[in-house]
Amino acid sequence: MAAESTAVEIRDDRENGKLVAYEGGSAAGHIAYFAMYPEPGALVAVHTVVAPEYEGKGVAGALARDFYAMAAREGVPVVPLCPYLAMWARRHPEQAPEAPEELVRGAERQLASHPELF
């Protein structure tokens, strides 16, 4: 069954490391991420969360599309350490260029040394 599409507003809360989707003024979900240093090395997606009442409505996909678009606007790659975003990227290669392997390894090391980012 295909996910329903829902109209969401997506805002970047870079200070708190979240790309947040809102529907009707309520937070519907978010992608937790960090900017890999040295900045602007990459945007690293760590976790995708959708509130239960918004599941199946396309919120996670909208967040993924916007996250990759945001990285493209900034001229940096995305490192999808989040399992959902990694799966989404494999399904949408035209919208989600693969990050170089050395960036992926660097992001994994950075996350391991800063568990508070997860």
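User: Happy to dig in! Which residue with a positive phi follows H1?

Analyst: A word on the ground rules: this is a predicted model, in which local features need pLDDT of at least 70, side-chain atom pairs count only at pLDDT 80 or more, and totals for chains, interfaces and linings use all residues. Residues are numbered from 1 along each chain as its sequence is written, and side-chain values use heavy atoms, with hydrogens and water left out. Helices (H or I, at least four residues) and strands (E, at least two) are DSSP runs, numbered from the N terminus. The residue that follows H1, with a positive phi near 75°, is Gly75.

User: How many Å does H1 reach from its first C-alpha to its last?

Analyst: H1 covers residues 59–74, which makes 16 residues. The expected span of a helix is 1.5 Å times one less than its number of residues, and H1 comes close to that expectation of 22 Å. From its first C-alpha to its last, H1 reaches 22 Å.

User: In what order do the 5 strands of the open sheet stand?

Analyst: Two strands pair if DSSP finds at least two bridges between them. S1 and S2 run antiparallel and share 5 bridges, while S2 and S3, also antiparallel, are joined by 6 bridges. The sheet as a whole has mixed pairing, in the order S1-S2-S3-S4-S5.

User: Why is one side of S1 and of S5 left without a neighbour in the sheet?

Analyst: In the order S1-S2-S3-S4-S5, one side of S1 and of S5 has no neighbour because each of these strands stands at an edge, with a single partner strand.
Neighbouring strands of this sheet are turned by 30° against each other on average, direction ignored (axes are lines fitted to C-alpha atoms, for helices over the stretch in contact, and angles run from 0 to 180 degrees between N-to-C directions). The reason asked for is the place of S1 and S5 at the edges.

User: Which residue takes a positive phi in the hairpin of S2 and S3?

Analyst: Glu23 has Ser26, in S3, as its bridge partner. This hairpin has 2 residues between the strands, and the residue with a phi near 60° is Gly24.

User: Is His30 buried or exposed?

Analyst: His30 has its place in strand S3. Among the residues that His30 touches, not counting those up to four places away in sequence, are Leu19, His47 and Leu63 (contact means heavy atoms within 4.5 Å). Buried means under 20% relative accessible area, exposed over 50%, and partly exposed in between (1.4 Å probe, protein chains only). At 19% relative accessibility, His30 therefore counts as buried.

User: Which element gives the most to the largest nonpolar core?

Analyst: A nonpolar core is a set of buried Ala, Val, Leu, Ile, Met, Phe, Trp, Tyr and Cys residues joined through side-chain atoms within 4.5 Å. The largest one has 26 residues, and Ile31, Leu43, Phe67 and Leu85 have the most contacts inside it. S2, S3, S4, H1 and H2 each supply at least two residues of this core. With 8 residues, the element that gives the most is H1.

User: At about what angle does H2 run to S5?

Analyst: H2 helps cover the buried residues of H1. H2 also lies across S3, S4 and S5, and its angle to S5 is about 115°.
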